[in-house]
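Colleague: Before we discuss this model, could you put it up, and then take me through the reasons behind the terms you use for it?

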Amino acid sequence: MDSLEKSNTPSLDSYWMPFTANRQFKASPRMLVAASGMHYTDIDGNKVLDGTAGLWCVNAGHGRKEIATAVERQLTSLDYAPSFQMGHPIAFEFAERLAAVAPGVGDQRLDRIFYTGSGSESVDTALKIAIAYQRAIGQGTRTRLIGRERGYHGVGFGGISVGGLVNNRRVFPQLNGSDHLRHTHDLTRNAFVKGVPEHGAELADDLERLVALHGAETIAACIVEPVAGSTGVLLPPKGYLERLRAICDRHGILLIFDEVITGFGRLGANFATDLFGVLPDIVTTAKGLTNGVIPMGAVFTSRNVHDALMQGPEGQIELFHGYTYSGHPVACAAGLATLDVYMSEGLLTRAAHLESQWHDAIHSLKSAPNVIDIRTIGLVAGVELSPREGAIGARAYDVFVDCFKKGVLIRVTGDIIALSPPLIAEPEHFNTIVEVLGDALQKAA
Ligand code: PMP
């Protein structure tokens, strides 16, 4: 294929790219034009191994014919239908199928499902459901939302209010009263651990501090990512989530797990909820829900939360909330086909079988220059680098650019490299990632 300069690529002026240094990118663009299985093809015809499942979403790999066929069939039968006061069967069918694999512990599943169009919408929906639930049970003073430092919950005003990333917050106002638990990242006690770290369960007690500070009667919900992804793959210390659950129970606070990344097999179980055996009241999802091919999110709630909101006079709208694209028929078709692929290929648990090889491969980078921590779980890894003096993120960015040139797509956040290959990956792909990343780390030293 022609290079970017020679091809018919449009001008780069009009498109304002998200979460991108636009001027830097447009000075030396990286363009992807095709994808199949574990690989992208760039605009020069080079194959690029997808070390990140797109943006943590293409769990079943690229170019899945089963999903494309289902989408095409749906497009030509019912392309769109409103979902306010109207229904279409595939939205109900998909919810029923999702309910069977919903986040759960023992025989309790969060099998009441509200559709959204993205992870950010799922988060804002979950926060609104939590506040509406508290009001419905006579706890209308509970409107405060608690997140956690270094949490990422998308870019809606709800999400940035509970999120804990300064760059997402400093320019924009946030919801009144939101507050944050301390993060659990601890390089002094927990560096280079495979799986969940030993130390730090007591950090959950920070919620008691916020209860003492604000009063439990003001707090609606506490939201955390079971494993924080976008902020650098931060794992929950052993016992932390159980402790958080117990504190929430003690004080009537709803617990929300943001499983936009950890849902649909990323950690080797259907959801982090199942893996850690801690049942929240609400779980947010998106990304792997449709293998990333059609934008869609879903919020899973307990029957308790759902049923509390279904009270009131017959005929009234129980929750004044929803999106034009909630339950979009084409997204539902993509989601159903994705679920079929996950089930028939055992992808929701495949990461568990590959985990020890993944651990070993990624931890072999321990002695590479400037690596100060490696964290792995399921098919996720965070490789943390010491920053270059005075230039936070610059070293990791160089590594990212170099890996791309050498045919491997990684992701960087600050000076942390995040890896999350599609769940169809084979150990040979792990080796390629490690080889290319190891070279790039040497070069960036
Ligand atoms: N929550 C989490 C945990 C996420 O990782 C993300 C996206 N990376 C979001 C929410 C937001 O999802 P979206 O970009 O689809 O709005």
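Modeller: Let me begin with helix α13 (residues 329-344): at 1.5 Å a residue its 16 residues should span 22 Å, and its end C-alpha atoms are 22 Å apart, which agrees. The expected span is 1.5 Å times one less than the number of residues, and helices here are DSSP runs of H or I with at least four residues, strands being runs of E with at least two, both numbered from the N terminus. This is a predicted model, in which local features need pLDDT of at least 70 and side-chain atom pairs count only at pLDDT 80 or more, while totals for chains, interfaces and linings use all residues. Residues are numbered from 1 along each chain as its sequence is written.

Colleague: What makes α13 mostly covered?

Modeller: Of its 16 residues, 13 are buried, a term that requires 20 or more other C-beta atoms within 10 Å of a residue's own, whereas 12 or fewer make it exposed and values in between partly exposed, with C-beta atoms placed from the backbone. After α13 comes G346, whose phi is positive, near 60°.

Colleague: How do you know that the buried residues of α4 are on the same side?

Modeller: The buried residues of α4 are I90, A91, F94, A95 and L98. They cover an arc of only 135° around the axis, which puts them on the same side of α4; the arc is that of the directions from the helix axis to the C-beta atoms. The face turned away from that buried side carries the exposed residues P89, F92, E96 and A100.

Colleague: Why is F19 called exposed, and what is the sign of its phi?

Modeller: F19 is called exposed because 9 other C-beta atoms lie within 10 Å, and the limit for that class is 12 or fewer. Its phi is near 40°, a positive value in a residue other than glycine, and F19 lies in the segment before α1 (22-27). Most residues other than glycine have a negative phi.

Colleague: Why, then, is N370 called partly exposed?

Modeller: With 18 other C-beta atoms within 10 Å, N370 is partly exposed, because that count lies in between the two limits. N370 is found in the loop between α14 (347-363) and β13, and its phi, near 70°, is also positive.

Colleague: What makes β6 and β8 stand at the edges of their sheet?

Modeller: The sheet is an open one of 7 strands in the order β6-β12-β11-β10-β9-β7-β8, with mixed pairing. Here β6 (112-116) and β8 (179-181) each have a single partner strand, so one side of each is left without a neighbour in the sheet. The twist averages 25° from one strand to the next.

Colleague: How do you know that β7 and β8 pair?

Modeller: Two strands pair if DSSP finds at least two bridges between them, and strand β7 (residues 144-148) is joined to β8 over 3 bridges in the parallel sense, so the condition is met. In this pairing G147 stands opposite H180 in β8.

Colleague: What surrounds the ligand?

Modeller: The ligand is surrounded by 14 residues, the closest being S118, G119, S120, G154 and V260; a residue is near a molecule if its C-beta atom, placed from the backbone, lies within 6 Å of it. Helix α5 (residues 119-136) gives the largest share of this shell, 3 residues.

Conventions:
Axes fitted to C-alpha atoms, helices over the stretch in contact; angles between N-to-C directions.
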